[in-house]
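This briefing introduces one protein chain to a reader who is new to structural analysis. Please view the sequence and the structure together before turning to the points that follow.

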Amino acid sequence: MKNTLIISNELINKKADAWIVVDYENRNPTVPFFVGKKMLTRKIVFVIEKEKAFIICHSIDKVFLNEPDVTKDFELLVYNTWQEMLELESSLLNKYTRVLMDVSEDGLLPRVSLADYGSVDYVKKQGVEVVSSADLLQCINAVYDEESYELQLKACETTLKIKDEAFEKIGQLISRNGEADEYEIQQFICDRFHEEGMIYDDAPIVAIGPNASNPHYGPTSECSSKIHEGDLVLIDMWAKYDHPKAVYADITWMAYIGDEIPEEMERRFEILKTAIDKGFEFIKTTSETRPVMGFEVDRIVRDYIESEGYGSYFTHRTGHNISVDISPHGPGANIDDYESHDTRQLISGTSFSLEPGIYAPDFGMRSETNVSIQNGRPIIVAGRQDKIIKITIK
């Protein structure tokens, strides 16, 4: 079985006898990791011990599972009736005192909370303690290899280049026409991504003023704002190369149209910049002695922004996991003690954003970079914005 040592070590670390994964019709994304993509139409239960593994499956599904690529790793325990299924579960459970299941405390981590209530309840009724498999799941679903890391670095480099081109385009349009348009710049970025062989799940955010106070604002052909001299512009853009192992770059940068940036804009940006510095430094120093959990970093960043008087305007988590996924929001640990209390560890081979924001009524602002954990050390892979870009109108 793939990652047998990782699973065994996690069971030892959590003092658990087995990892129990339940599924119905391939709703749990971990199932293809175990057995590949197969047509499974009845309830299935994977029971993985430190040295042995079982699949409790219906006789109808056995035809798809009784193959060498599966049976070399799993012993098939076949049922026909629901009573037989429960008896098979019970026969294994009576050996255990503690198991891992795909649950999260208070259901706060939806990417982890995959086991249904009834299945979890049945395990508990057998006198077995259930603890979360959250850290084990991200070892399987969120860790990427060296090839993916190189694709991430390439994506970050190209995205930063296109960001510069987008801000330059704004300056050119305003110098020539007196204004630019959020939607026009958004589409310029999309076209450049396509030209570079990159893909994305949604179009980037280009926003000014109060539009930028909505973290997920997006201009459209029917509804967008004109950009003029004196405006502060937020560009949040994310894309990856069109490759099965590609990882997203996800960045947000700010620019001011004009020669003199207002003092309040500079002050808020400096707060965000310092908040990222504090979060990154905490990861760097703490990880030298112990694992760092996602919520801890959010707390460092959030506490600082609150101390500067802008806590009520920071209305989302500090960051999200980035992995090999269809979106930039991956299945691993988020930097979050706001929307959830993410106790998952920041482990090697994973990546995440750091993107604090201040979304005040007058104007919104965000700064975002990406961090990768390599060999236990955090590395900033998507550049850092040290100051607001100044776009001078000619």
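**Overview of the chain**

The secondary structure of this protein chain consists of 11 helices and 19 strands. The model is predicted. The points below cover the chain as a whole and then its enclosed space.

**Extent and surface**

- Taken along the principal axes, the box filled by the C-alpha atoms is roughly 75 × 40 × 35 Å.
- The protein chain exposes about 17300 Å², and carbon and sulfur atoms supply 50% of that area.

**Burial and contacts**

- The protein chain has 394 residues, and buried residues make up 54% of them.
- Of the contacts between residues at least 6 apart in sequence, 66% join residues at least 24 apart.

**The internal cavity**

- The count comes to 1 cavity of 30 Å³ or more.
- The space in the largest cavity is about 40 Å³.
- Its lining is formed by Ile20, Val45, Val47, Ile56, Glu89, Leu92, Leu93 and Tyr96.
- Strand E2 (44–49) and helix H5 (82–93) are the elements that give two or more residues to this lining.
- The largest share of the lining, 3 residues, comes from H5.

**Character of the lining**

- Of the residues that line the largest cavity, 7 are nonpolar and 1 is charged.
- No polar residue belongs to this lining.
- The charged residue is Glu89, because Glu counts as charged and Glu89 is one of the lining residues.

Methods
Residues are numbered from 1 along each chain as its sequence is written. This is a predicted model: local features need pLDDT of at least 70, side-chain atom pairs count only at pLDDT 80 or more; totals for chains, interfaces and linings use all residues. Side-chain values use heavy atoms; hydrogens and water are left out. On a 1 Å grid over the protein atoms alone, a cavity is a set of points where a 1.4 Å probe fits but cannot get out, and a pocket is an open set with protein on both sides within 12 Å along at least five of seven lines; lining residues have an atom within 4 Å of a point. Grid points are joined across faces, edges and corners, and a volume is the space filled by probe spheres set on the points. Helices (H or I, at least four residues) and strands (E, at least two) are DSSP runs, numbered from the N terminus. Buried means under 20% relative accessible area, exposed over 50%, partly exposed in between (1.4 Å probe, protein chains only). Contact means heavy atoms within 4.5 Å. Accessible areas come from the Shrake-Rupley method with a 1.4 Å probe; for residues, only the protein chains shown count as cover.
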